[in-house]
Amino acid sequence: MRSRSLALLYFLPLFSVYADVPDWISGRASLDDYESISGRGTLQSGFTLFGTARPKFSEKLDSKLMLRGSAYRKSLDKPDDFSIRGEVKEAWVEYPIFGIRVRAGQIITPWGRSDAVNPTDYLTAKDYTTLSIHDDIRRIGAPGILSTFTPNEGTSPLEFSFAWNARYAQSKMLIPASQIPTGISVETDPRTPLLFTDNEEFALKVSYLASGWDASLSAFDGRNHFGQFVWDGSRVGLQFYRTRAIGGDFSVTFDDFVLRGESAYFFYETGSSGLGGLSLTEPNHWDSVLGIERGIGARFRIIAQALFRFHPDLKDSQAYVGSSVAETAIVRGLGRANAIIQNYQNRSRLGATLLGSYESEDEKWRAEFSMIGNFVGGDYVLRPKLEHKIMDSVRLTAGLDYYGGPEDQPLGALSAYRSVYLEGAMTF
Amino acid sequence: MKFLLSILFSISVFAADPKQDVKLNGKEIMQKSEEATRLSQFTAKAVLKSTKKTGEEKSKSFQFWRKLKADGARYQSLTRFSAPAEVKGEAILFLENETGANDILLYLPAYQKTRRIERTQQSSSFMGSDFSYSDLTIPHANDYKYILNKEEVCPGAPSKICFRIEGEPATDIVRDQTGYSKMTIWVKKESFTSVRVENYDLTGAFLKSINFSEEEKLSGGKWFHKKIEVENKKDGGKTILQFSELKTEEKIPDSLFTQQALGKGSR
């Protein structure tokens, strides 16, 4: 770790002295430092302030403002420069109209019951270029309206949700440089799409809560939030193709464990086989997660999930033949890169996630081990971490992100991002 | 053993019936005790203060809502935490079911998601305290088999007479949910409110004692304990649950006790 970053961690407890905030404000101030173990030096080092305000103007009028501001000495975006990033994560108001709760503004709507992998999370995107142990800092919402209706004056076990995004959110991906065809530059940070027009999204969900179980069915008409590399004859750009999806999820409680499942089928405008009929971009596919969670005694907890992706009409992008040798090489290279980054190299992809956690009785120490692995391809990421509560609202976390396996597989290709990290965070 | 743990709110309807000449059996006493503590609805602020054997203290604050379900017997409860900062906005929905196990749903504001908790975890620690989730439910007389042991001086209140009752879960579901194999309960003879409960784990070892104090008689004739204290006999820990700002007249909508509303009002 760089000594300057480490030294800053000592100032967090001082900051906490000034953090006596009203109930409707909460947040987190954190300092982090990610050091490469692949010889790339510091990957990210900076300070982030993440805050949420929930002013309630009246019994009916609710609102939320969630902001994030970061100052980086180094980041994946700007490896050599000091940079500042600020964003409005959420900014909405909610009011009931004829029994329907209508929320309008910048909204994060995370759907899905599974852990870490959510096929039915149609409406949000994530920023994977921000290294963080906190899920909320990565989520990207969209401007729009979310309306929810629960019959019988809000007491029915049924709930209907309808979401409209005025434009789609774009995920920012970790793109392994080794997978980009040599000699060409690619667009990795596309412009924010215009409001309305062809960039709108719609989603509908019907949920049911019963004793011991709950389930939902959902449908989506919008865009793939993961951009895919496309060659337009002169340059390589990222395309977020129009997508339709149907899916569902459920959770059931048993005596010793909770069973959760989530599944969705995605249809792309590029056809069932993907761009060009040769899967130059991701083809239609079925994406599913099935997992169990259980506590072992009072202090251990385990979540294990099986992941399954099936691309029924996958075609080999390497069969592409262009108008020239150079174009053929570029397009094949991009097809290969898309398949790796979007995880569709095979018709069937089987994987698993595992999360085990332990918390000491005095709640001062927490150890966690998580992993994601692909059985087809043999690539994986291991994420052990150890948290120590050094005072009531200040935690220190040390951990490792280790990407392993063949470099021509989705997780193995990220080996350049292997790192150890230290984060000090104060919540308020 | 949910029983004594009627922690949160003990009230008594029969309080004003000092001439208890009729011989009551254990179950009848417990039915009266349940009735004495049955508020149709209330909300209150609460502080959960835990002290470990080492002397280390920690405290959690929350708002609590409880309301009788339409069946008039089972409760639905919502707990929303306000402090410390690391749990601010977390919420727990507890839905008692007449048949089968209860439902516990936990709202995690950082993920904006709700998670179910497995049934056996109901006997585990509630937010790191010496209470379990099931300790915070209203015990139902029909869930246990009782034997009236004797009448004796109330523990901690030498001027009062208590019924001393032995109880054990009537079903395996109740046993699994509470994690208790048996209990001893002291019920005040004059008010039928609980004074103390001693719980035994599944091996039969003495696990916890729960003491109820700061008893208050409400306008409807029910009783409410503002202070409930748990001592863990195995690890020496102690937790005090202190209620304040009790409101029983304010109408609480049923829609508050739904998964959909769980995240509402959280951060």
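Q: What makes strands β20 (residues 380-391) and β21 (residues 394-404) of chain A a pair?
A: In this predicted model, 9 bridges join β20(A) to β21(A), which run antiparallel; pairing requires at least two bridges, so the two strands count as paired. M391(A) stands opposite V394(A) in β21(A), and a hairpin through 2 residues joins β20(A) to β21(A).

Q: How do you know that β21(A) also pairs with strand β22 (residues 419-427) of chain A?
A: The number of bridges that join β21(A) to β22(A) is 8, and these strands run antiparallel; since the criterion is at least two bridges, this is therefore a pair as well. Within it, L400(A) stands opposite V420(A) in β22(A).

Q: Why does the span of helix α4 (residues 325-341) of chain A agree with what is expected?
A: At 1.5 Å a residue, its 17 residues should span 24 Å, and because the end C-alpha atoms are 24 Å apart, the two values agree. After α4(A) comes N343(A), whose phi is positive, near 65°.

Q: What makes residues of α4(A) such as I330(A) and L334(A) buried?
A: A residue is called buried if 20 or more other C-beta atoms lie within 10 Å of its own, and the residues of α4(A) that are buried include I330(A), V331(A), L334(A) and I341(A). The buried residues of this helix pack against β12 (228-231) and β13 (236-239) of chain A.

Q: How many residues of chain A are in contact with chain B?
A: There are 35 in chain A, in contact with 33 residues of chain B. The elements giving two or more residues to that side of chain A are α3 (151-154), β14 (242-253) and β16 (285-296).

Technical notes:
Residues numbered from 1 in each chain as written. Chains lettered and ligands numbered in written order. Predicted model: local features only at pLDDT ≥ 70, side-chain atom pairs only at ≥ 80, totals over all residues. Helix = DSSP H or I, 4+ residues; strand = E, 2+ residues; numbered from the N terminus. Expected span 1.5 Å × (residues − 1). Buried ≥ 20, exposed ≤ 12 C-beta atoms within 10 Å, placed from the backbone. Contact = placed C-beta atoms within 7 Å.
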